[in-house]
Amino acid sequence: MSSAPEHLAAPVGDRDEPTAGEGILRRQAQRESAARTYARSLPVVPVRARGMTVEGADGRRYLDCLSGAGTLALGHNHPVVLEAIRGVLDSGAPLHVLDLATPVKDAFTTALFETLPSALAEHGRIQFCGPAGTDAVEAAIKLTRTATGRGGLLAFSGAYHGMTAAALAATGDTAARAALHGAEAQVTRLPFPYDYRCPFGIGGERGAELAARWTAHLLDDPKGGVQPPAGMLLEAVQGEGGVIPAPDGWLRRMRTITADRDIPLIVDEVQTGVGRTGTFWAVERSGIVPDVMVLSKAIGGSLPLAVIVYREELDGWLPGAHAGTFRGNQLAMAAGAATLRFVRGNALHERAETIGSRMLGLLRGLAAHHPCIGDVRGRGLMIGVEMVDAGAEADDHGALPAAPHLAARVQREALHRGLIVELGGRYGSVVRLLPPLTITDEQAEAVLERLAAAIEAADAAAPGAAA
Ligand code: PMP
(Lines give C-alpha, C1' and ligand atoms only; values in the text may rest on other atoms or scores of the structure.)
Protein backbone atom coordinates (compact mmCIF):
# COMPACT_ATOMS: atom_id res chain seq x y z
CA MET A 1 0.00 0.00 0.00
CA SER A 2 1.36 3.43 -0.82
CA SER A 3 1.94 5.91 1.96
CA ALA A 4 -1.10 8.12 1.20
CA PRO A 5 -3.67 7.96 3.98
CA GLU A 6 -6.22 5.24 3.36
CA HIS A 7 -9.17 7.60 3.69
CA LEU A 8 -7.87 9.73 0.87
CA ALA A 9 -7.09 6.85 -1.45
CA ALA A 10 -6.94 8.05 -5.01
CA PRO A 11 -6.01 6.56 -8.33
CA VAL A 12 -2.31 6.69 -9.08
CA GLY A 13 -0.42 5.93 -12.26
CA ASP A 14 -1.33 6.57 -15.85
CA ARG A 15 -4.07 4.30 -17.06
CA ASP A 16 -2.82 4.36 -20.65
CA GLU A 17 0.54 2.78 -19.74
CA PRO A 18 0.89 -1.01 -19.79
CA THR A 19 0.46 -2.24 -16.23
CA ALA A 20 1.80 -5.09 -14.13
CA GLY A 21 -1.62 -6.71 -13.97
CA GLU A 22 -2.17 -6.84 -17.71
CA GLY A 23 -0.62 -10.29 -18.14
CA ILE A 24 -2.77 -11.65 -15.34
CA LEU A 25 -5.91 -10.16 -16.88
CA ARG A 26 -4.96 -11.52 -20.32
CA ARG A 27 -4.41 -15.03 -18.92
CA GLN A 28 -7.67 -14.81 -17.00
CA ALA A 29 -9.56 -13.95 -20.17
CA GLN A 30 -7.90 -16.89 -21.95
CA ARG A 31 -8.33 -19.49 -19.23
CA GLU A 32 -11.39 -18.70 -17.17
CA SER A 33 -14.98 -19.51 -17.92
CA ALA A 34 -17.25 -17.45 -20.12
CA ALA A 35 -19.56 -17.42 -17.08
CA ARG A 36 -17.22 -15.17 -15.07
CA THR A 37 -18.91 -12.02 -13.92
CA TYR A 38 -17.34 -9.15 -11.93
CA ALA A 39 -14.03 -9.83 -13.64
CA ARG A 40 -15.49 -8.61 -16.92
CA SER A 41 -16.62 -5.17 -15.84
CA LEU A 42 -13.91 -4.59 -13.21
CA PRO A 43 -10.53 -5.28 -14.80
CA VAL A 44 -8.66 -4.85 -11.52
CA VAL A 45 -6.02 -7.22 -10.14
CA PRO A 46 -6.21 -6.62 -6.39
CA VAL A 47 -2.96 -7.22 -4.55
CA ARG A 48 -3.53 -5.38 -1.28
CA ALA A 49 -6.54 -4.05 0.56
CA ARG A 50 -7.33 -2.32 3.80
CA GLY A 51 -10.61 -0.83 4.93
CA MET A 52 -12.39 0.38 1.83
CA THR A 53 -9.23 0.79 -0.23
CA VAL A 54 -8.08 -1.77 -2.74
CA GLU A 55 -4.76 -1.51 -4.51
CA GLY A 56 -4.33 -3.09 -7.92
CA ALA A 57 -1.21 -4.75 -9.31
CA ASP A 58 -0.65 -1.60 -11.34
CA GLY A 59 -0.41 0.52 -8.19
CA ARG A 60 -3.76 2.21 -8.74
CA ARG A 61 -5.94 2.53 -5.68
CA TYR A 62 -9.70 2.35 -5.52
CA LEU A 63 -12.44 3.09 -3.03
CA ASP A 64 -14.34 -0.19 -2.90
CA CYS A 65 -18.13 0.18 -2.84
CA LEU A 66 -18.63 -3.41 -3.94
CA SER A 67 -17.24 -4.88 -0.69
CA GLY A 68 -17.27 -8.47 -1.93
CA ALA A 69 -20.88 -8.08 -3.07
CA GLY A 70 -21.89 -6.73 0.32
CA THR A 71 -19.81 -9.15 2.39
CA LEU A 72 -17.28 -6.84 4.02
CA ALA A 73 -19.14 -5.13 6.85
CA LEU A 74 -15.80 -3.97 8.27
CA GLY A 75 -14.03 -3.48 4.97
CA HIS A 76 -10.95 -5.40 3.93
CA ASN A 77 -8.56 -6.87 6.49
CA HIS A 78 -10.01 -5.17 9.53
CA PRO A 79 -7.64 -5.60 12.51
CA VAL A 80 -10.23 -7.42 14.67
CA VAL A 81 -10.89 -9.87 11.84
CA LEU A 82 -7.19 -10.50 11.23
CA GLU A 83 -6.60 -10.95 14.95
CA ALA A 84 -9.43 -13.49 15.19
CA ILE A 85 -8.08 -15.46 12.24
CA ARG A 86 -4.53 -15.39 13.61
CA GLY A 87 -5.87 -16.52 16.98
CA VAL A 88 -7.26 -19.71 15.48
CA LEU A 89 -4.16 -20.33 13.37
CA ASP A 90 -1.85 -19.87 16.35
CA SER A 91 -3.96 -22.03 18.66
CA GLY A 92 -3.33 -25.26 16.77
CA ALA A 93 -7.09 -25.84 16.43
CA PRO A 94 -8.09 -28.11 13.54
CA LEU A 95 -9.22 -26.15 10.50
CA HIS A 96 -11.48 -28.89 9.17
CA VAL A 97 -14.03 -30.42 11.52
CA LEU A 98 -17.14 -31.19 9.41
CA ASP A 99 -19.98 -30.21 11.76
CA LEU A 100 -18.35 -31.21 15.03
CA ALA A 101 -18.61 -28.97 18.08
CA THR A 102 -15.62 -26.71 18.72
CA PRO A 103 -14.98 -23.76 21.04
CA VAL A 104 -14.75 -21.50 17.98
CA LYS A 105 -18.13 -22.63 16.68
CA ASP A 106 -19.64 -22.37 20.15
CA ALA A 107 -18.43 -18.77 20.42
CA PHE A 108 -19.75 -17.91 16.95
CA THR A 109 -23.19 -19.35 17.73
CA THR A 110 -23.34 -17.42 20.98
CA ALA A 111 -22.31 -14.18 19.24
CA LEU A 112 -24.91 -14.73 16.52
CA PHE A 113 -27.74 -15.62 18.89
CA GLU A 114 -27.02 -12.45 20.89
CA THR A 115 -27.94 -10.43 17.80
CA LEU A 116 -31.12 -12.26 16.77
CA PRO A 117 -34.69 -11.14 17.42
CA SER A 118 -35.42 -12.54 20.88
CA ALA A 119 -38.18 -14.91 19.70
CA LEU A 120 -35.63 -16.65 17.48
CA ALA A 121 -32.73 -16.39 19.91
CA GLU A 122 -34.75 -17.99 22.70
CA HIS A 123 -36.52 -20.67 20.73
CA GLY A 124 -34.33 -21.00 17.68
CA ARG A 125 -32.14 -23.61 16.06
CA ILE A 126 -29.19 -23.11 13.79
CA GLN A 127 -28.10 -25.26 10.87
CA PHE A 128 -24.60 -24.70 9.52
CA CYS A 129 -24.76 -25.06 5.77
CA GLY A 130 -22.31 -25.33 2.92
CA PRO A 131 -20.43 -22.04 2.78
CA ALA A 132 -22.46 -20.08 0.20
CA GLY A 133 -25.66 -18.13 0.65
CA THR A 134 -27.34 -20.25 -2.00
CA ASP A 135 -26.79 -23.39 0.05
CA ALA A 136 -28.50 -21.83 3.05
CA VAL A 137 -31.42 -20.85 0.83
CA GLU A 138 -31.66 -24.47 -0.33
CA ALA A 139 -31.62 -25.56 3.30
CA ALA A 140 -34.42 -23.16 4.23
CA ILE A 141 -36.63 -24.39 1.42
CA LYS A 142 -35.90 -28.01 2.26
CA LEU A 143 -36.55 -27.44 5.97
CA THR A 144 -39.94 -25.86 5.37
CA ARG A 145 -40.93 -28.44 2.75
CA THR A 146 -40.15 -31.16 5.24
CA ALA A 147 -41.96 -29.40 8.09
CA THR A 148 -45.11 -28.58 6.13
CA GLY A 149 -45.22 -31.52 3.72
CA ARG A 150 -46.01 -28.97 1.03
CA GLY A 151 -43.98 -28.51 -2.12
CA GLY A 152 -44.82 -25.02 -3.37
CA LEU A 153 -42.87 -21.86 -2.71
CA LEU A 154 -43.91 -18.21 -2.75
CA ALA A 155 -41.25 -15.86 -4.11
CA PHE A 156 -41.20 -12.35 -5.53
CA SER A 157 -40.51 -10.52 -8.73
CA GLY A 158 -36.97 -9.15 -8.64
CA ALA A 159 -35.83 -11.65 -6.02
CA TYR A 160 -32.32 -13.09 -5.96
CA HIS A 161 -31.51 -16.06 -3.76
CA GLY A 162 -28.61 -17.89 -5.40
CA MET A 163 -27.64 -20.23 -8.14
CA THR A 164 -28.09 -23.81 -6.96
CA ALA A 165 -31.82 -24.43 -7.30
CA ALA A 166 -31.19 -27.25 -9.74
CA ALA A 167 -28.52 -29.02 -7.71
CA LEU A 168 -30.76 -31.35 -5.81
CA ALA A 169 -33.13 -31.86 -8.72
CA ALA A 170 -30.15 -33.25 -10.66
CA THR A 171 -29.07 -35.54 -7.84
CA GLY A 172 -29.83 -39.27 -8.26
CA ASP A 173 -30.35 -40.18 -4.60
CA THR A 174 -34.08 -40.89 -4.46
CA ALA A 175 -34.28 -40.49 -0.68
CA ALA A 176 -32.55 -37.12 -0.80
CA ARG A 177 -34.75 -35.96 -3.68
CA ALA A 178 -37.87 -36.80 -1.68
CA ALA A 179 -37.37 -33.56 0.24
CA LEU A 180 -38.14 -31.71 -2.98
CA HIS A 181 -41.65 -33.16 -3.06
CA GLY A 182 -41.34 -32.93 -6.84
CA ALA A 183 -41.29 -29.20 -6.38
CA GLU A 184 -38.62 -28.01 -8.80
CA ALA A 185 -41.05 -25.84 -10.69
CA GLN A 186 -43.57 -24.98 -8.02
CA VAL A 187 -42.71 -21.38 -7.39
CA THR A 188 -45.57 -18.89 -7.39
CA ARG A 189 -44.21 -15.47 -8.36
CA LEU A 190 -45.75 -12.57 -6.45
CA PRO A 191 -45.39 -8.80 -6.97
CA PHE A 192 -42.75 -7.03 -4.87
CA PRO A 193 -43.54 -3.36 -4.21
CA TYR A 194 -41.26 -1.33 -6.47
CA ASP A 195 -42.17 2.30 -6.08
CA TYR A 196 -40.43 3.64 -9.19
CA ARG A 197 -41.74 0.91 -11.48
CA CYS A 198 -44.93 0.01 -9.64
CA PRO A 199 -46.58 -2.96 -11.34
CA PHE A 200 -49.94 -1.34 -10.57
CA GLY A 201 -48.92 2.05 -11.93
CA ILE A 202 -49.48 3.98 -8.70
CA GLY A 203 -46.51 3.37 -6.39
CA GLY A 204 -46.30 4.46 -2.77
CA GLU A 205 -48.24 2.86 0.04
CA ARG A 206 -51.24 2.27 -2.16
CA GLY A 207 -49.14 0.32 -4.68
CA ALA A 208 -47.67 -1.79 -1.88
CA GLU A 209 -51.14 -2.39 -0.47
CA LEU A 210 -52.38 -3.61 -3.84
CA ALA A 211 -49.40 -5.99 -4.04
CA ALA A 212 -50.32 -7.37 -0.61
CA ARG A 213 -53.98 -7.73 -1.57
CA TRP A 214 -53.04 -9.57 -4.73
CA THR A 215 -50.96 -11.99 -2.65
CA ALA A 216 -53.69 -12.65 -0.09
CA HIS A 217 -56.32 -13.01 -2.80
CA LEU A 218 -54.24 -15.46 -4.83
CA LEU A 219 -53.50 -17.62 -1.80
CA ASP A 220 -57.19 -17.86 -0.94
CA ASP A 221 -58.43 -18.47 -4.46
CA PRO A 222 -59.05 -22.22 -4.86
CA LYS A 223 -58.64 -21.76 -8.61
CA GLY A 224 -55.67 -19.39 -8.28
CA GLY A 225 -53.21 -22.02 -9.44
CA VAL A 226 -51.01 -21.77 -6.36
CA GLN A 227 -49.19 -24.95 -5.35
CA PRO A 228 -49.71 -25.23 -1.55
CA PRO A 229 -46.65 -23.39 -0.29
CA ALA A 230 -44.00 -24.67 2.09
CA GLY A 231 -42.94 -21.11 2.70
CA MET A 232 -42.76 -17.52 1.53
CA LEU A 233 -39.20 -16.42 0.71
CA LEU A 234 -38.38 -12.73 0.58
CA GLU A 235 -35.68 -10.07 0.96
CA ALA A 236 -36.53 -7.05 3.14
CA VAL A 237 -34.45 -4.97 0.74
CA GLN A 238 -33.94 -6.58 -2.63
CA GLY A 239 -30.27 -6.29 -3.50
CA GLU A 240 -29.52 -7.79 -6.89
CA GLY A 241 -33.07 -6.88 -7.93
CA GLY A 242 -31.99 -3.21 -7.84
CA VAL A 243 -31.84 -2.07 -4.19
CA ILE A 244 -35.58 -2.04 -3.60
CA PRO A 245 -36.60 -1.60 0.03
CA ALA A 246 -39.88 -3.24 0.99
CA PRO A 247 -42.13 -0.80 2.89
CA ASP A 248 -42.41 -1.73 6.57
CA GLY A 249 -46.19 -1.91 6.33
CA TRP A 250 -45.97 -4.36 3.43
CA LEU A 251 -43.54 -6.56 5.37
CA ARG A 252 -45.94 -6.62 8.31
CA ARG A 253 -48.73 -7.57 5.90
CA MET A 254 -46.62 -10.45 4.57
CA ARG A 255 -46.02 -11.56 8.15
CA THR A 256 -49.77 -11.53 8.90
CA ILE A 257 -50.75 -13.15 5.60
CA THR A 258 -48.30 -16.02 6.15
CA ALA A 259 -49.05 -16.46 9.87
CA ASP A 260 -52.81 -16.56 9.25
CA ARG A 261 -52.33 -19.30 6.66
CA ASP A 262 -49.69 -21.28 8.57
CA ILE A 263 -47.06 -20.58 5.93
CA PRO A 264 -43.49 -20.23 7.28
CA LEU A 265 -41.97 -16.87 6.42
CA ILE A 266 -38.35 -17.19 5.29
CA VAL A 267 -36.42 -13.92 5.18
CA ASP A 268 -33.20 -13.96 3.19
CA GLU A 269 -30.83 -11.63 5.05
CA VAL A 270 -27.78 -12.81 3.13
CA GLN A 271 -27.09 -9.30 1.82
CA THR A 272 -29.07 -7.12 4.24
CA GLY A 273 -27.71 -8.57 7.48
CA VAL A 274 -25.12 -7.39 10.01
CA GLY A 275 -25.99 -3.72 10.07
CA ARG A 276 -25.99 -3.01 6.35
CA THR A 277 -29.50 -1.49 6.20
CA GLY A 278 -29.29 0.59 9.37
CA THR A 279 -30.58 -2.00 11.84
CA PHE A 280 -28.61 -5.10 12.79
CA TRP A 281 -31.02 -7.26 10.80
CA ALA A 282 -33.22 -5.66 8.17
CA VAL A 283 -36.37 -7.24 9.64
CA GLU A 284 -35.97 -5.23 12.85
CA ARG A 285 -37.14 -2.03 11.15
CA SER A 286 -40.61 -3.40 10.55
CA GLY A 287 -40.61 -5.41 13.78
CA ILE A 288 -41.49 -8.67 12.07
CA VAL A 289 -39.99 -11.95 13.27
CA PRO A 290 -39.54 -14.49 10.48
CA ASP A 291 -39.86 -18.23 11.02
CA VAL A 292 -36.57 -18.79 9.19
CA MET A 293 -33.67 -16.40 8.57
CA VAL A 294 -31.07 -17.14 5.91
CA LEU A 295 -27.66 -15.66 6.71
CA SER A 296 -24.34 -15.56 4.89
CA LYS A 297 -21.91 -12.95 3.46
CA ALA A 298 -21.01 -10.62 6.39
CA ILE A 299 -21.56 -13.25 9.10
CA GLY A 300 -18.27 -14.88 8.01
CA GLY A 301 -16.29 -11.65 8.43
CA SER A 302 -15.06 -11.92 4.79
CA LEU A 303 -14.67 -15.71 4.77
CA PRO A 304 -17.28 -18.22 3.50
CA LEU A 305 -20.00 -19.08 6.01
CA ALA A 306 -23.74 -19.64 5.70
CA VAL A 307 -26.41 -20.69 8.17
CA ILE A 308 -30.12 -20.75 8.69
CA VAL A 309 -31.75 -19.98 12.01
CA TYR A 310 -35.33 -21.00 12.55
CA ARG A 311 -38.12 -21.64 15.01
CA GLU A 312 -37.53 -24.95 16.77
CA GLU A 313 -41.03 -26.22 15.84
CA LEU A 314 -39.79 -26.52 12.25
CA ASP A 315 -36.90 -28.78 13.25
CA GLY A 316 -38.50 -31.97 11.99
CA TRP A 317 -35.97 -32.94 9.35
CA LEU A 318 -33.80 -35.98 9.80
CA PRO A 319 -30.06 -36.28 10.50
CA GLY A 320 -28.22 -35.69 7.25
CA ALA A 321 -31.17 -33.94 5.62
CA HIS A 322 -28.88 -31.08 4.65
CA ALA A 323 -25.29 -32.25 4.88
CA GLY A 324 -22.09 -30.92 3.32
CA THR A 325 -18.34 -31.36 3.79
CA PHE A 326 -17.56 -27.69 4.37
CA ARG A 327 -19.86 -26.74 7.22
CA GLY A 328 -17.16 -26.16 9.79
CA ASN A 329 -14.94 -23.33 8.55
CA GLN A 330 -13.22 -22.38 11.80
CA LEU A 331 -11.49 -19.32 10.37
CA ALA A 332 -14.79 -17.97 9.04
CA MET A 333 -16.53 -18.60 12.37
CA ALA A 334 -13.80 -16.75 14.26
CA ALA A 335 -13.76 -13.88 11.75
CA GLY A 336 -17.56 -13.83 11.77
CA ALA A 337 -17.89 -13.78 15.56
CA ALA A 338 -15.37 -10.92 15.72
CA THR A 339 -17.34 -9.02 13.06
CA LEU A 340 -20.72 -9.54 14.74
CA ARG A 341 -19.32 -8.37 18.08
CA PHE A 342 -17.56 -5.36 16.55
CA VAL A 343 -20.61 -4.20 14.61
CA ARG A 344 -22.83 -4.61 17.66
CA GLY A 345 -20.35 -3.21 20.18
CA ASN A 346 -19.72 -0.10 18.07
CA ALA A 347 -23.35 0.29 16.91
CA LEU A 348 -22.14 0.35 13.30
CA HIS A 349 -25.69 -0.28 12.14
CA GLU A 350 -26.57 3.15 13.54
CA ARG A 351 -23.59 4.62 11.77
CA ALA A 352 -24.80 2.95 8.53
CA GLU A 353 -28.19 4.58 9.03
CA THR A 354 -26.75 8.05 9.64
CA ILE A 355 -24.19 8.12 6.88
CA GLY A 356 -26.42 6.21 4.48
CA SER A 357 -29.23 8.74 4.92
CA ARG A 358 -26.78 11.56 4.30
CA MET A 359 -25.49 9.90 1.15
CA LEU A 360 -29.05 9.27 -0.07
CA GLY A 361 -29.90 12.93 0.48
CA LEU A 362 -26.85 14.12 -1.45
CA LEU A 363 -27.55 11.66 -4.27
CA ARG A 364 -31.14 12.90 -4.48
CA GLY A 365 -29.74 16.41 -4.80
CA LEU A 366 -27.58 15.18 -7.65
CA ALA A 367 -30.58 13.51 -9.29
CA ALA A 368 -32.38 16.86 -9.35
CA HIS A 369 -29.73 18.09 -11.82
CA HIS A 370 -29.43 14.89 -13.84
CA PRO A 371 -32.57 13.65 -15.58
CA CYS A 372 -30.64 10.45 -16.42
CA ILE A 373 -30.96 9.50 -12.72
CA GLY A 374 -34.48 8.09 -12.56
CA ASP A 375 -34.50 7.11 -8.91
CA VAL A 376 -32.27 7.10 -5.83
CA ARG A 377 -33.20 4.69 -3.07
CA GLY A 378 -31.85 2.49 -0.35
CA ARG A 379 -31.62 1.73 3.33
CA GLY A 380 -28.53 2.39 5.39
CA LEU A 381 -25.46 1.59 3.32
CA MET A 382 -27.32 -0.34 0.65
CA ILE A 383 -27.86 2.35 -1.97
CA GLY A 384 -29.06 2.25 -5.56
CA VAL A 385 -29.06 4.88 -8.32
CA GLU A 386 -31.28 3.86 -11.21
CA MET A 387 -30.05 5.16 -14.57
CA VAL A 388 -32.72 5.92 -17.15
CA ASP A 389 -33.07 7.14 -20.70
CA ALA A 390 -33.96 10.78 -20.13
CA GLY A 391 -34.69 11.30 -23.82
CA ALA A 392 -37.42 8.66 -23.93
CA GLU A 393 -41.05 8.98 -23.06
CA ALA A 394 -42.08 8.34 -19.46
CA ASP A 395 -44.75 5.77 -18.65
CA ASP A 396 -48.01 6.95 -17.07
CA HIS A 397 -46.45 6.64 -13.60
CA GLY A 398 -43.54 8.90 -14.66
CA ALA A 399 -40.89 6.18 -14.92
CA LEU A 400 -38.42 6.35 -17.79
CA PRO A 401 -37.00 3.28 -19.53
CA ALA A 402 -33.92 1.68 -17.95
CA ALA A 403 -30.56 2.72 -19.41
CA PRO A 404 -28.22 -0.25 -19.04
CA HIS A 405 -25.54 1.14 -21.39
CA LEU A 406 -25.43 4.37 -19.46
CA ALA A 407 -25.13 2.47 -16.17
CA ALA A 408 -22.25 0.42 -17.60
CA ARG A 409 -20.57 3.65 -18.71
CA VAL A 410 -21.00 5.10 -15.22
CA GLN A 411 -19.33 2.01 -13.78
CA ARG A 412 -16.38 2.37 -16.20
CA GLU A 413 -16.02 6.09 -15.59
CA ALA A 414 -16.16 5.48 -11.83
CA LEU A 415 -13.40 2.89 -12.12
CA HIS A 416 -11.23 5.39 -14.02
CA ARG A 417 -11.74 7.76 -11.12
CA GLY A 418 -10.73 5.18 -8.51
CA LEU A 419 -14.19 4.02 -7.45
CA ILE A 420 -15.51 0.46 -7.63
CA VAL A 421 -19.28 0.21 -7.90
CA GLU A 422 -21.60 -2.67 -8.66
CA LEU A 423 -24.46 -2.81 -11.15
CA GLY A 424 -27.74 -4.60 -10.57
CA GLY A 425 -31.44 -4.28 -11.02
CA ARG A 426 -33.57 -4.63 -14.10
CA TYR A 427 -31.31 -4.74 -17.17
CA GLY A 428 -28.32 -3.99 -14.92
CA SER A 429 -29.28 -0.32 -14.91
CA VAL A 430 -28.93 0.36 -11.20
CA VAL A 431 -25.57 1.60 -9.89
CA ARG A 432 -25.18 0.03 -6.48
CA LEU A 433 -23.16 1.22 -3.49
CA LEU A 434 -22.36 -1.25 -0.71
CA PRO A 435 -19.51 0.42 1.17
CA PRO A 436 -18.26 -1.02 4.45
CA LEU A 437 -20.02 0.18 7.61
CA THR A 438 -16.69 1.67 8.68
CA ILE A 439 -16.74 4.26 5.87
CA THR A 440 -15.58 7.67 7.13
CA ASP A 441 -17.27 10.98 6.32
CA GLU A 442 -14.30 11.88 4.15
CA GLN A 443 -14.51 8.62 2.23
CA ALA A 444 -18.25 9.06 1.74
CA GLU A 445 -17.59 12.49 0.32
CA ALA A 446 -14.91 11.12 -2.02
CA VAL A 447 -17.28 8.34 -3.17
CA LEU A 448 -20.00 10.85 -4.00
CA GLU A 449 -17.60 13.23 -5.75
CA ARG A 450 -16.22 10.45 -7.94
CA LEU A 451 -19.66 9.06 -8.65
CA ALA A 452 -21.02 12.49 -9.58
CA ALA A 453 -18.10 13.04 -11.95
CA ALA A 454 -18.60 9.57 -13.43
CA ILE A 455 -22.30 10.20 -14.04
CA GLU A 456 -21.53 13.55 -15.62
CA ALA A 457 -18.90 12.03 -17.92
CA ALA A 458 -21.08 9.05 -18.84
CA ASP A 459 -24.07 11.27 -19.53
CA ALA A 460 -22.01 13.64 -21.65
CA ALA A 461 -20.73 10.69 -23.70
CA ALA A 462 -24.23 9.26 -24.21
CA PRO A 463 -25.48 9.19 -27.78
CA GLY A 464 -27.73 12.19 -28.26
CA ALA A 465 -26.12 14.15 -25.40
CA ALA A 466 -25.92 17.88 -25.97
CA ALA A 467 -22.53 18.83 -27.44
N1 PMP B 1 -29.48 -14.27 -1.26
C2 PMP B 1 -29.23 -12.97 -1.49
C3 PMP B 1 -30.21 -11.94 -1.00
C4 PMP B 1 -28.07 -12.58 -2.15
O5 PMP B 1 -27.84 -11.28 -2.39
C6 PMP B 1 -27.17 -13.58 -2.58
C7 PMP B 1 -25.90 -13.23 -3.31
N8 PMP B 1 -25.81 -12.00 -3.87
C9 PMP B 1 -27.49 -14.92 -2.32
C10 PMP B 1 -28.64 -15.22 -1.64
C11 PMP B 1 -26.58 -16.03 -2.77
O12 PMP B 1 -25.40 -16.04 -2.05
P13 PMP B 1 -24.13 -16.75 -2.66
O14 PMP B 1 -23.70 -15.96 -3.86
O15 PMP B 1 -23.12 -16.74 -1.54
O16 PMP B 1 -24.53 -18.12 -3.03
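**Reading the ligand shell and selected residues**

Guide: In this predicted model, the residues around the ligand are Ala 132, Gly 133, Thr 134, Tyr 160, His 161, Gly 162, Glu 235, Glu 240, Asp 268, Val 270, Gln 271 and Lys 297.

Visitor: What makes up that shell around the ligand, by class of residue?

Guide: The shell consists of three nonpolar, five polar and four charged residues; Gly 133 and Gly 162 belong to the polar group, because glycine is counted there.

Visitor: What makes the pairing of Asp 268 with the ligand a polar contact?

Guide: An N or O atom in the side chain of Asp 268 is 2.6 Å from a nitrogen atom of the ligand, and because a polar contact is a pair of N or O atoms within 3.5 Å, this pair qualifies. The backbone also takes part in such pairs: a polar backbone atom of Gly 133 is 2.9 Å from an oxygen atom of the ligand, and a backbone N or O atom of Thr 134 likewise lies 2.9 Å from a ligand oxygen. Of the 390 Å² of accessible area that the ligand has on its own, the protein covers 83%.

Visitor: Why is Asp 248 called buried?

Guide: Its relative accessibility is 18%, and since buried means under 20%, Asp 248 falls into that class. The residue belongs to helix α10, which spans residues 248-260, and beyond its neighbours within four places in sequence it is in contact with Arg 285, Ser 286 and Arg 379.

Visitor: Why, then, is Ile 126 put in another class, partly exposed?

Guide: The value for Ile 126 is 21%, and because partly exposed covers the range between the 20% and 50% cut-offs, the residue is assigned there. Ile 126 sits in strand β4, residues 124-128, and, with residues up to four places away in sequence left out, touches Thr 109, Leu 112, Phe 113, Val 307, Ile 308 and Val 309. One of these, Thr 109, is 17 residues away along the chain, with a C-alpha separation of 8.1 Å.

Visitor: How do you know that Cys 372 is in no disulfide?

Guide: The structure holds zero disulfides. For Cys 372, the nearest cysteine sulfur, that of Cys 65, is 18 Å away, and because a disulfide requires two cysteine sulfur atoms within 2.5 Å, Cys 372 cannot be counted in one. Its relative accessible area is 2%, which makes Cys 372 buried; Cys 198, at 11%, is buried as well.

Visitor: What makes the phi angles of Leu 98 and Ala 347 stand out?

Guide: Phi is near 50° in Leu 98 and near 45° in Ala 347, in each case a positive value in a residue other than glycine. Leu 98 is in the loop between α4 (79-91) and α5 (103-115), while Ala 347 lies in the loop between α11 (330-345) and α12 (348-369). Leu 98, at 43% relative accessibility, counts as partly exposed, and Ala 347, at 21%, is also partly exposed.

Visitor: How do you know that Ala 403 and Ser 429 are in contact, although they are 26 residues apart in sequence?

Guide: Ser 429 is among the residues that Ala 403 touches, together with Met 387, Val 388 and Asp 389, once residues up to four places away are set aside; this conclusion rests on heavy atoms, because contact means that they lie within 4.5 Å. The 5.6 Å separation is a C-alpha to C-alpha distance. Ala 403 itself lies in the loop between β14 (382-387) and α13 (404-416), and because its relative accessibility is 11%, the residue counts as buried.

Key: Residues are numbered from 1 along each chain as its sequence is written. This is a predicted model: local features need pLDDT of at least 70, side-chain atom pairs count only at pLDDT 80 or more; totals for chains, interfaces and linings use all residues. Side-chain values use heavy atoms; hydrogens and water are left out. A residue is near a molecule or strand if one of its heavy atoms lies within 4 Å of it. A polar contact is a pair of N or O atoms within 3.5 Å; within protein, one must be able to donate a hydrogen and the other to accept it, and residues adjacent in sequence count only if both atoms are side-chain atoms. Accessible areas come from the Shrake-Rupley method with a 1.4 Å probe; for residues, only the protein chains shown count as cover. Helices (H or I, at least four residues) and strands (E, at least two) are DSSP runs, numbered from the N terminus. Buried means under 20% relative accessible area, exposed over 50%, partly exposed in between (1.4 Å probe, protein chains only).
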